[in-house]
Amino acid sequence: MAEGRIYNFSAGPSQMPLEVLEEVQRELVNYKGTGMSVMEMSHRSKEYMAIAAQAEKDLRDIYGIPGDYKVMFAQGGATLQFSSVPLNMLGSNPKADYIVTGQWSDKASKECKKYGVPNNVCDTKATKYTTIPENSTWKLDKEAAPADVHYCDNETVNGVEFGFCPDVGEVPLVADMSSNFVSRPIDVSKHAYIYAGAQKNLGPAGISIGILHPKFADGSKELKICPTYCSFKTMADNGSMYNTPASFTWYVIGEYLKYTKKVGGVQYWAEQSDKKSGLIYSIIDGSDGFYQCPVDKKCRSRMNVPFTISGGDEALEKKFLDEAKKVKLFTLAGHRSVGGCRASLYNGMPLEGVEKLGEFMKSFLDENRK
């Protein structure tokens, strides 16, 4: 690792591959002989337009995105997309179905209520968002066909992840993939819209990437109250450059995508994710209850691993966090709303960092088991 760097298990903004950071560093002051940094460029210059075009091409290649789908690089994170989805997809039909399996899908449903009528086809709040019910148990509104069905593929706070693509028939399917984007192959064609904040697996904060079916790019479903910059049509028609985009973030995303292609594409990240999460879960499960993960094993996240220590002993968990820092393991506290601990294992977290966490967890267990 570069001198002085730590292993950062933050849920986002998250650790990035050192190779990507070093490439950005090399080009920071003078990008490819232009005499200026990317952050100083006009977003409409030929140099920057080439950067943007390459980033889109690489994303299309990595995911096999159908040619007629639109790719958008929108300012703001997924929270803004909670509004953009109903504003662009409800049309004359005010109803939308939401599969609520965690805090983020719950927030998306509540945001829809400002513009339409969300129907929560399932809501696992009673389980503290630790399960994903079988598809067959969802109360999908098949008679009053909703405008769309929305789900969050991986819940960052609660640590649940879909192991399957929801079957919603002919109803347009919308996915928030913010925290597992580019971590495994997906079938884009099964979705009307996929969106993801970049700051987990693909770059710095500031951009939400969107992959949109052409049916929703023509403005026919757009509500009259939709702000111009939330308009899918406006974004698609202007190549995500209706106004000045988050240009440096976009550039870094492009570098991350180049690196992804270099190491083997999304399949490589999928294999790494399985190794990293499997390592930590095996330690938790083999600790005889010292470490506990509250999530149903069938839907444990590969990206975010929440766990408690000794039944939620706060003093012991604080000790764990403090001692972890002494061996360069940082940002392992759980989300403020749930407490405990959480290790986020995004693409940028190298396997050796997870191995070091595993070694620390084992030694902490040996020293503190009652």
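These questions and answers walk through a predicted model of one protein chain.

User: How many helices and strands are there in the protein chain?
Analyst: Both kinds of element occur in the protein chain. The C-alpha atoms fill a box of roughly 65 × 60 × 30 Å along the principal axes. The count is 9 helices and 14 strands.

User: What is the radius of gyration of the protein chain, and what does the globule rule give for 370 residues?
Analyst: The two values are close, so the chain is as compact as a globular protein of that length. Of the 370 residues, 54% count as buried. The radius of gyration is 21 Å, and the globule rule gives 21 Å.

User: How far apart are the end C-alpha atoms of helix α9?
Analyst: Helix α9 covers residues 351-368, which makes 18 residues. At 1.5 Å a residue, helix α9 should span 26 Å. The model agrees: the end C-alpha atoms are 26 Å apart.

User: Within what arc do the buried residues of α9 fall?
Analyst: The buried residues of α9 include G353, L357, F360, M361, F364 and L365. Seen down the axis, the buried residues line one face of the helix, because they share a limited arc. On the other side, E359, D366 and E367 are exposed. The arc of the buried residues is 165°.

User: Are the rings of F320 and F364 stacked or edge-to-face?
Analyst: A search of the whole structure finds 22 aromatic pairs. In the pair of F320 and F364, the ring centres are 5.2 Å apart. Their planes stand at 90°, and over 60 degrees counts as edge-to-face. So the pair is edge-to-face.

User: Which helices hold F320 and F364?
Analyst: This pair links distant parts of the chain, 44 residues apart. F320 is buried at 0% relative accessibility, and F364 is buried at 0% too. Both belong to one aromatic cluster with F290, Y291, F307 and F360. F320 is in helix α8, and F364 is in helix α9.

User: Is Y129 buried or exposed?
Analyst: Y129 lies in the loop between β4 and β5. Y129 touches residues including V100, D106, D123 and N158. Its relative accessibility is 6%, and under 20% counts as buried. Y129 is therefore buried.

User: Which ring does the charged end of K107 sit over?
Analyst: The charged end of K107 is 4.5 Å from the centre of that ring. A charge counts as over a ring if it is within 6 Å of the centre and within 35 degrees of the ring normal. The ring belongs to W104.

Terms used:
Residues numbered from 1 in each chain as written. Predicted model: local features only at pLDDT ≥ 70, side-chain atom pairs only at ≥ 80, totals over all residues. Heavy atoms only, no water. Helix = DSSP H or I, 4+ residues; strand = E, 2+ residues; numbered from the N terminus. Expected span 1.5 Å × (residues − 1). Buried < 20%, exposed > 50% of the residue type's maximum accessible area, 1.4 Å probe, protein only. Arc of directions from axis to C-beta. Phe/Tyr/Trp six-rings, centres within 6.5 Å; stacked < 30°, edge-to-face > 60°. Contact = heavy atoms within 4.5 Å. Rg over C-alpha atoms; globule rule 2.2 N^0.38 Å. Lists of a residue's contacts leave out its neighbours within four places in sequence.
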